[in-house]
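Reader: I would be grateful for a close examination of one part of this structure, followed by an account of the other local features that deserve attention when a model is prepared for calculation. Please state the cut-offs behind each term.

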Amino acid sequence: MSTAAAPPSLSLHRPAVTAAASARVATAAAPPSNNAAHLASLDKLFRDRGRAAVESAAPVVAATQQRRQQPLLRLPSFLTRTGAARSGEDSSSAAAAPLLSPRRLERLLQPVAPDGPSPRGNIAAAWRRLHGEDGWRGLLDPLHPDLRREIVRYGEFVDAAYGAFLSRPDAEPGRRARVPLQDAAYRITAPLFATSSIGLPTWLAAAAPCAAQRTSLVGYVAVCDSPAEIQRMGRRDIVIALRGTCTVLEWAENVRAGLVPATHHDSTGASPDTSNAKVECGFWNLYTTAGDRSPSLSEMVVSEVRRLLDKYKGEEVSITVTGHSLGAALAVLIADELAGGVAARARAPVAVFSFGGPRVGNRAFAARVEARGARVLRVVNAHDVVPRFPPGLPLPGYADVGRELRLDSRASPYLRPDADAACCHDLEAYIHLVDGFVGSHCPFRDNAKRSILRLVKNQGGNVKQLYMSKAKDMRIQLDGGRGGAADMAGSMLGRVDMPGAASTVVECVH
């Protein structure tokens, strides 16, 4: 008897499950703490997405607000200091901010460092090399510390020449001249005057007497009179310091760029290409033109140097001529004449330390200066336009004289990278750059001790805004709340009356 198959089970009971399925079920039935962690992860995910959306929209909102704040009429970009240069300056200033401590800024803003100027080592054994005997070979890049101090020192002599003129622009030969000389080891022996060959018409001279002044105080002669300093330097130093262009007629002479023969009556021996040596007409006129009541600058210098060499005959004597801008050009002319005349007979070495000087003459003149033994060191800012003039074209024949120490105003952590032409040519900016220069591939010297107070006063608009703001705040603290923007106003007269500056003011009569 056959048996029928059993029908499929209609039971509602759940079939047996595997071990893996049991594990999944157990996981689903876990305590509520795991669910809370999962929800927290989701919440963090949504917060991150929301923050990213806000950050991506922030530049758009900021740009919209900036456009709303900008005026409808704006100055042209070349008349403002905004744009990429400002952005670059702000970023670089912000990066450099931690490097400038309040204590260091306070020291740099004082007229004189609390611990005194940089120490001057004994250079008696090496003064001839520092004076250019071998053309400053191996001393310029990197810059030897002793040579740096000497260049800064001679720059301060030129600064005193500016101070003498600005304190009394109408000074005349035969009257007292005040020279704010900082180096007490030197004594002023004679003021120097330069006379322009250009004369204004009578009616114009009557209308503007200051513009018609032909003879002006241009510098001075000083001699080292301190036995201790003479021992330190290894010789007695005669300094001839000359300022740059300051009067209307001097500016008129500067643009007379034609070449004229440079012949001196007080020269010994024959020099190569003497007959072909030519110099710029305006410089030569200022150097050789006599005034109504005074001899020419050439005659003044030669007469005074001859007197000093006779007075100190038998001693080790050097002659150093230093000048800025126009004074640098006149310094080369003076060195050429002295090295071919009275200095050659006395066997006194002649050296020139010039700052931002223009080209003076042709290649024959440059060769004559070198042949006569005068050593010329030209300190040049790469962004200064004056050393490029007169240009080689369309005036062929102009050539540089001597060695060059090239600086870069953009290397200074205090000056703006877009500093204007006046700042790039300013004497105090030059001295500041020399004081911080180490080498062409080295950063600005972080232990430079020269005060930046004069730089802030004279070139406040070209000092980085970060340092100007800190300087104003620091001046308020130092002056007991009496400082401020008025104290930081730049002026050429700031180089004359520096509060607290250590200077020796002497009076001399020529």
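Author: The examination begins with Asp384, which is placed in the loop between strand E10 (375-381) and strand E11 (398-399). Helices (H or I, at least four residues) and strands (E, at least two) are DSSP runs, numbered from the N terminus. The model is a predicted one, in which local features need pLDDT of at least 70 and side-chain atom pairs count only at pLDDT 80 or more, while totals for chains, interfaces and linings use all residues. Residues are numbered from 1 along each chain as its sequence is written, and side-chain values use heavy atoms, with hydrogens and water left out.

Asp384 counts as buried because its relative accessibility is 2%; buried means under 20% relative accessible area, exposed over 50%, and partly exposed in between (1.4 Å probe, protein chains only). Leaving aside residues up to four places away in sequence, Asp384 touches Gly356, Cys424, His425 and Tyr430, where contact means heavy atoms within 4.5 Å. Asp384 and Ala421 are 37 residues apart in sequence, yet their C-alpha atoms are 6.5 Å apart in space.

Two partners of the Asp384 side chain can be named. One is the side chain of His425, with which the side chain of Asp384 makes a polar contact at 2.8 Å. The other is the backbone nitrogen of Val386, which the Asp384 side chain reaches at 3.1 Å. A polar contact is a pair of N or O atoms within 3.5 Å; within protein, one must be able to donate a hydrogen and the other to accept it, and residues adjacent in sequence count only if both atoms are side-chain atoms.

Cys424, one of the residues touched by Asp384, leads to the question of sulfur pairing. The structure holds 0 disulfides, a disulfide being a pair of cysteine sulfur atoms within 2.5 Å. The closest cysteine sulfur to that of Cys424 is in Cys423, but at 5.6 Å it is too far for a bond. Both residues have low accessibility values: Cys423 counts as buried at 1%, and Cys424 is buried with a relative accessible area of 3%.

The loop between E10 and E11, where Asp384 is placed, also contains Pro390. A cis peptide bond joins Phe389 to Pro390, with omega about -10°. Another cis peptide bond joins Asp141 and Pro142, with omega about 5°; Pro142 lies in the loop between helix H5 (127-130) and helix H6 (145-167).

Backbone geometry also draws attention to Ser325 and Arg347. Ser325 is a residue other than glycine with a positive phi, near 60°, and is found in the loop between strand E7 (317-324) and helix H12 (326-339). Arg347, likewise not a glycine, has phi near 55° and is placed in the loop between helix H13 (342-346) and strand E8 (350-355). Ser325 is buried, with a relative accessible area of 11%, whereas Arg347 counts as exposed at 77% relative accessibility.

Charged pairs complete the account. Side chains of opposite charge can pair when their charged atoms come close. A salt bridge is a side-chain nitrogen of Lys or Arg within 4 Å of a carboxyl oxygen of Asp or Glu, and by this rule the count comes to 28 salt bridges.

Among them, Glu304 and Arg307 meet through their side chains at 2.6 Å, N to O. Because they are 3 residues apart in helix H11 (residues 297-311), Glu304 and Arg307 are separated by about one helical turn. Glu304 is buried, with a relative accessible area of 7%, while Arg307 counts as partly exposed at 39%.

Asp336 forms a salt bridge with Arg372, and the closest N and O atoms are 3.2 Å apart. This pair links distant parts of the chain, with Asp336 in helix H12 and Arg372 in the loop between helix H14 (363-371) and E10, 36 residues apart. Asp336 and Arg372 are both buried.

The side chains of Asp400 and Arg359 also meet in a salt bridge, at 3.3 Å, N to O. Here too distant parts of the chain are linked: Asp400 is in the loop between E11 and strand E12 (403-407), Arg359 is in the loop between E8 and strand E9 (361-362), and the two are 41 residues apart. Asp400 counts as partly exposed, at 36% relative accessibility. Finally, a network of salt bridges links Glu150, Arg153, Asp183, Glu229 and Arg232.
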